[in-house]
Amino acid sequence: MANLDEPLSKVLGDKTANALKKGLDLHTVGDLLHHYPRRYAHRGELTQLSGLQDGEHVTVMAEVVKVQGRSLTRSPGYVLEITVTDGTGLLKLSFFGRKGSYRAEKDLSPGTRGLFAGKISTYRPRGGKAMRQLTHPQYKVVAEKGAEEAAQEWADEIIPIYPSTKALPIETIGTSVGTVLDQLTLPADPMPGALLGRRRLVGLREAYEGIHRPRTWDELGKARARLKWDEAFVVQVALAQRRLAAAALPATPRPPSFGGLQSEFDARLPFELTEGQRQVGDEIAADLAREHPMHRLLQGDVGAGKTVVALRAMLQVVDNCGQAALLAPTEVLAQQHYRSITGMLGDLAEAGRIGGAENATRVALLTGSQGAKARKEALLDAASGTAGIVVGTHALLQESVQFADLGLVVVDEQHRFGVEQRDALREKTGGGRPHVLVMTATPIPRTVAMTVFGDLETSVLGQLPAGRSAIRTHVVPPEKPAFLARTWERIKEEAAEGRQIYIVCPRIGEQEGDEGDAMDTADAEESGRRSPLGIMEVLPKLADLLAGVRIGVLHGKLHPDEKDAVMRRFTGRELDVLLATTVIEVGVDVPNATVMVIMDADRFGVSQLHQLRGRVGRGSLQGLCLLVTDAEPGSKARERLDAVASTTDGFKLSRLDLEQRREGDVLGAAQAGRTSSLRLLTLHRDEDVIRDAREEATALVESDPGLADHPGLATVLASLLDADRAEFLEKT
Ligand code: ADP
Ligand code: MG
């Protein structure tokens, strides 16, 4: 009898166990049982021997006509060659190894019928006739039976095809799994029986049987559903526990007050808040008034007006004698936030200065690059409480930064910060925890929100402020060179009218080994392509093409002061064109910018393109985005660009992005290919499973926070929540 954590050597013997360990990193009975078939073959897919093609993965049914072993002439070794036929043609099966090392030798004697699966290649003996062959095929002997009965059985038979490696004969996996299943002792099902009933899920044993040796497709479907459920549920239980623990922490309530800075600010707003801004504002205001820390994710498409929402929340805290910190992912963005917040607040941010309003506060800026004097002043203002709002980059996380009474942390553009960083800021308050508002402009598909961000409550700013004209997007393809010429013309025209233009390249491109700022997520696997365009290669050409147009350059390797200077000149309209890398991807807000040209657009991911184009059309002026590409019509890259051009719905695009990325990319690099990563569950297809699991997990954890009444579940959680998975919850 074998438990899930039994070493495989105990059940299968050292030889097989070693092969499974070396080849597939499988150590225990549980490891092997979670090595699921990659796909399943069946009679319906059987290929005739006369129609075989090289490189095809096939399953054939045939009869053995000849068995011959021979020593290899060059290398020491032995090959077992078996010829089979189905009446339409011949096929050779080759098993390399030591003499007698293959069960095939015993299993497959002339006259035996079997199913053979593998990848077709061509064998060309010297001087002989070329022949199709399968090397180390998976096979299954089919017993002689009454023809009808046998045919039925063949038709129904489902043959699991396992992920395997060269060194590991594929049939070894199948037989090993069979042996393990026959000896398996499972503890009581960790899932509560009532839950299984409610969700129509089969028991665990049935699930393992059904995924490894299904008799029907229905069995297989039920098995997959159950095992998927387990994957989703464990994560959701862990998240529910985290949420519950976070909700139990104390925080200082900061309720809305009348006649404070917040209402003063509202009264002065030059525009009406959108319905969404008001609603989300109310949610946040209520959260801030509670005795437990807010932990909220605010999603809003680019230009949705998240900053105002955050600023109003910050002012509510300041009205309660607390401080708020705004954490930005880049210097450019921190500086811009600082400028726009002080701008919006006007004399409300001039406490202690001539002309400052009566109940005014101060805004401090803290970045890694600022001079010693400015930094010292900012640190003092933060520590003394003079600054009600402190804006900064990662520099805010350093230990030397102290706050008098930090009540709210706003993290802008979440996807660049990890949970630890949020926590680092939280540690900066004495007793209570600060409230936390996380903002992201990358619309997050529901499934990702429920898993990766599953410990946060979410709010969505669904609509853009009125008076925005939509951004038009066009692809500038290689087959229409006139479009590119027109692009340069258009830039000159816009500049002549006093409008501003961004031109984005994937790379800086000035030195060797420069990886630029762009994440070349998209087609990295396509080798042999020219390297992506760099700013420094494009710049001299632009100087020609756009003679008379004032061009500035912005990228991540510039000194922060230079970056700031360039941004200032651009904002101040001393520059017409900003040639940049993706440093301008997030948050940059210049309402006078109308055109965004993205060079080598196919090198960017869908969400990234959407973010980038969000930089234009922010004022009342119509925005135009041009996606310049070399990608051929009909290619995957072009489909992606066409999708971006066809819609401005960020949520639609983020779902598309999710479909095109591998799960590991979404869940963080640590997840990809690890044994504990999600095997069956996918974030783009299993929204319903994830949602149901979340619902059940939340209810279960609320009634039994420590899982005291669910010891089986607690054990599974502990073992599955190993280092990897904990990392998944932390890092992503
Ligand atoms: P994002 O959500 O991308 O961070 P911002 O907060 O930068 O968007 O807002 C984009 C622009 O829209 C800013 O210039 C801001 O002043 C303006 N804005 C915000 N809310 C409104 C509104 N309700 N009506 C009109 N303009 C608004
Ligand atoms: Mg923003």
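## Salt bridges and a buried helix

The structure holds 34 salt bridges, and the model in which they occur is a predicted one. Side chains of opposite charge can pair when their charged atoms come close. Three of these pairs are set out in the table, each with the distance between its closest N and O atoms.

| Acidic residue | Basic residue | Closest N and O atoms |
|---|---|---|
| aspartate 189 | arginine 226 | 2.8 Å |
| aspartate 266 | arginine 312 | 2.8 Å |
| aspartate 287 | arginine 296 | 2.6 Å |

The salt bridge between arginine 226 and aspartate 189 links distant parts of the chain, since arginine 226 belongs to helix H9 (residues 217-248) while aspartate 189 sits in the loop between helix H6 (170-183) and helix H7 (193-198), 37 residues apart. Arginine 226 is buried, with a relative accessible area of 0%, whereas aspartate 189, at 27%, is partly exposed.

A salt bridge also joins aspartate 266 to arginine 312; because aspartate 266 lies in helix H10 (residues 261-268) and arginine 312 in helix H12, this pair ties together parts that are 46 residues apart in sequence. Aspartate 266 has a relative accessibility of 27% and counts as partly exposed, while arginine 312, with a relative accessible area of 13%, is buried.

In the pair formed by aspartate 287 and arginine 296, the aspartate is buried with a relative accessible area of 8%, and arginine 296 is likewise buried, with a value of 10%. Elsewhere, salt bridges that share partners join Arg198, Arg199, Arg691, Asp692, Glu695 and Glu696 into one network.

Helix H12, which contributes arginine 312 to one of these pairs, runs over residues 306-319 and has 14 residues; from its first C-alpha to its last it reaches 20 Å, close to the 20 Å expected at 1.5 Å a residue. Of its 14 residues, 13 are buried, and H12 is therefore largely enclosed by the rest of the structure. Just after H12, cysteine 321 takes a positive phi of about 65 degrees.

For the protein as a whole, the secondary structure comes to 26 helices and 21 strands, and buried residues make up 52% of its 732 residues. Among the contacts with a separation of 6 or more, 74% are accounted for by residues 24 or more positions apart. The protein exposes about 32,600 Å², of which carbon and sulfur atoms supply 51%.

Technical notes
Residues numbered from 1 in each chain as written. Chains lettered and ligands numbered in written order. Predicted model: local features only at pLDDT ≥ 70, side-chain atom pairs only at ≥ 80, totals over all residues. Heavy atoms only, no water. Helix = DSSP H or I, 4+ residues; strand = E, 2+ residues; numbered from the N terminus. Buried < 20%, exposed > 50% of the residue type's maximum accessible area, 1.4 Å probe, protein only. Contact = heavy atoms within 4.5 Å. Areas by Shrake-Rupley, 256 points an atom, 1.4 Å probe, with all protein chains shown as cover. Expected span 1.5 Å × (residues − 1). Salt bridge = Lys/Arg side-chain N within 4 Å of Asp/Glu carboxyl O.
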